[in-house]
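User: I am new to this structure and would like to go through it in short questions. Please show it before we start.

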Amino acid sequence: MQEMIKSLSELYGPAGREEAVAAYIRDVMSPLADEVYTDTMGSVVAVKRGSANGKKIMLAAHMDEIGVMITDIDEQGFLRFSNIGGISPFTLIGQRAEFADGTIGVFGFEKLDDIKDLKLNKMYIDIGAGSREEAIAKVNIGDSAVIHKECIIQGQRVIGKAMDDRVGCAVLIETARRLNNSPHEVYFVFTTQEEVGLRGARTAAYSIDPDYGIAVDVTLTGDTPEAHRMAVSLGKGAAVKVKDASVIAHPMVKDLLVSTAKAKGIPYQMEVLERGGTDAGSIHLIRSGVPTGAVSVPCRYIHTPGEMVDLGDVTACVDLLAGVLEEPWE
Amino acid sequence: MLLARLSEAAGVSGQEDEVRNLIKAELEKLGVSYKTDALGNVLAYKPGRKGGTTVMAAAHMDEVGLMVVGVEDSGLLRFKPVGGIDRRVLVAKQVLVGPDRVPGVIGSKPIHLQKRNERNTPLQWQELYIDIGAKDKAEAEKLAPLGTAVIFATSFKQLSDDIVMGKAFDDRVGCSVLLELLKEDYDCSLVCAFTVQEEVGLRGAGPAAYSADPDLALVIEGTTASDVPGVPEHGHATSVGKGPALTIMDRTSIPARPLVEKLRQVALEENIPIQYRRATTGGTDAGKIHLTKGGIPVAGVSVPCRYIHSPASVASLGDIEKTVRLVKGFLRREC
């Protein structure tokens, strides 16, 4: 599990370019599911069939991560870029960019009178090219990059980029591995383009047409110095979503998650996220509506290269999902 | 020129009738069958010789404009923008009000009467009004009842062999490209969607894609060109005269990579210069189309236009012609 989280974290997969993550997940999920396919938007869908009387339940975790996209290459070979998803220019200072083919660059910025004036359009990526021609041989306009960062496992804590939401992908995979006794037809959906507007989950949910949905993603915590108040802490268990900016968790799904956690003694905490959304926001509005909830892995420093999660929380999320999928869902 | 008529037709979002009627007349001349859906989108169908793949080409009929929202006792009209309009471009512009094209001008307090600080800030919406010369409220209300759409009174002009100027090139150039596409037969089936209400939230395109149900789609836009003084080269979204612009990403969609790749290949094979749309801001109908049903692969091809969303935009006929060639080349390779 730890090694899988590390591998997933280090994979290249900005929104719109999730192929490497998709290939990894298809490999891992093939022996665990009855059917695995990739849909029009690139989402990987793994189906595990249940008994005759079960429901159709869609679990979703997104494969994509935030990143940047090249918009211009100048005469000297410097690359200008725009953001893919919510990325702050300040988190890019001193970081390295990684492209799909492994090309590495450095984030630089123009001379500024005040660092507060730093904006993405004042920044560039330097891949060490001496000219436009040399740069274009490696990187073209429209190519995307992510932050290049090793994933570290330190005791119970994992630190790396793209924990949002590769840790959710790992939770889904582990849940599939653990799930032997579910009456339900469970769709493990690894979605695309969440970071740019919950897009892949929407089209996947349309095609699958599930009875219920659960999104698995990371959530913010309120447990760091002078943090914005929020009753979620690292290490205190799976977070059961009540609401975020994209969804109000369906009470039936939320209550079932809570009662299952209580019955099985799984550590959990309630999550009320003031800003930000998850795939649940798309899933619950598909067709005539899908009762949808979400289970979140608490994560510090979201959308930075140092996203930190707790392995105990990850296990609690797997326990909770595996547990709830054995319930009858009436 | 068809583009001239399309440009001068009135089509503020939600009131696209003039543009729709013009397009329907053209479709009838071409002998192409079409339907108008509940929202007012026009869907024109060209069955393929082989008919395997269905490609949807989309362009929106509507333009940004103004709407009458109040009438003063004096007969002056209060208005609000429909779509994204920079109010600094409005002062003293001539306009046409309503389906009868009542001429008017956007008035404001003249410089003689402005306080010093008023000269330094752009006029607010509530400080602008439309003067149609009505003598009182009753006369004005007869000519321009609440909800009446207002367009800029801009005549289409050819500025040089290649450069044209007119209003609403966003997205009448796209409409003109679609009408060109329909003149040819292809192996694949083609559905041309002339959509409504793009400028107020990409509203027509989703339902159009839902009923057209294509295998893939191309969105043809008149997009912003910023090859003008004061913008560094890396900030030029697109440049006029350098050929059709392919979208790499915008606020509402990331195009399907295989389609962009194919367009690039067609351009290479047919010797058509292309550029990339460097800006990743703004949105197009692609945003709604690609998320329809189980997902539809979409790419965007744009004609660069300077000064869009203003009374007069400037575009290159060569860019439009190359856009037609590029999309036709794409369609000829589908089956």
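User: Which residues of α2(A) are buried?
Analyst: The model is predicted: local features need pLDDT of at least 70, side-chain atom pairs count only at pLDDT 80 or more, and totals for chains, interfaces and linings use all residues. Residues are numbered from 1 along each chain as its sequence is written, while chains are lettered from A and ligands numbered from 1 in the order in which they are written. A residue is buried if 20 or more other C-beta atoms, placed from the backbone, lie within 10 Å of its own. In α2(A), a helix (a DSSP run of H or I, at least four residues, numbered from the N terminus), the buried residues are Val21(A), Ala22(A), Tyr24(A), Ile25(A), Val28(A) and Met29(A).

User: Why do the buried residues of α2(A) line one face of the helix?
Analyst: An α-helix has 3.6 residues a turn, so residues three or four places apart point the same way. The arc is that of the directions from the helix axis to the C-beta atoms. Seen down the axis of α2(A), the buried residues line one face because they fall within an arc of 165°.

User: What covers the buried residues of α2(A)?
Analyst: Contact here has C-beta atoms, placed from the backbone, within 7 Å. Strands are DSSP runs of E, at least two residues. The cover of the buried residues of α2(A) includes α1 (2-10), β1, β2, α5 (163-178) and β12 of chain A.

User: In what order do the 8 strands of the open sheet in chain A run?
Analyst: Two strands pair if DSSP finds at least two bridges between them. In this sheet the pairing is mixed. The edge strands, each pairing on one side only, are β1 (35-38) and β15 (268-272) of chain A. The order is β1-β2-β12-β3-β13-β16-β14-β15.

User: What is the bridge partner of Met58(A) in β13(A)?
Analyst: Strand β3 (residues 56-62) and strand β13 (residues 212-219) of chain A pair in the parallel sense over 4 bridges. In β13(A), Met58(A) has as its partner Gly213(A).

User: What angle does the direction of helix α9 of chain A make with that of β16(A)?
Analyst: Axes are lines fitted to C-alpha atoms, for helices over the stretch in contact, and angles run from 0 to 180 degrees between N-to-C directions. Helix α9 (residues 311-324) packs on the sheet, touching β3, β13, β14 (238-243), β15 and β16 (292-298) of chain A. The angle with β16(A) is about 155°.

User: How many residues does the contact take from chain A?
Analyst: Chain B gives 15 residues to the contact. From chain A the contact takes 22 residues.

Technical notes:
Contact = placed C-beta atoms within 7 Å. Buried ≥ 20, exposed ≤ 12 C-beta atoms within 10 Å, placed from the backbone.
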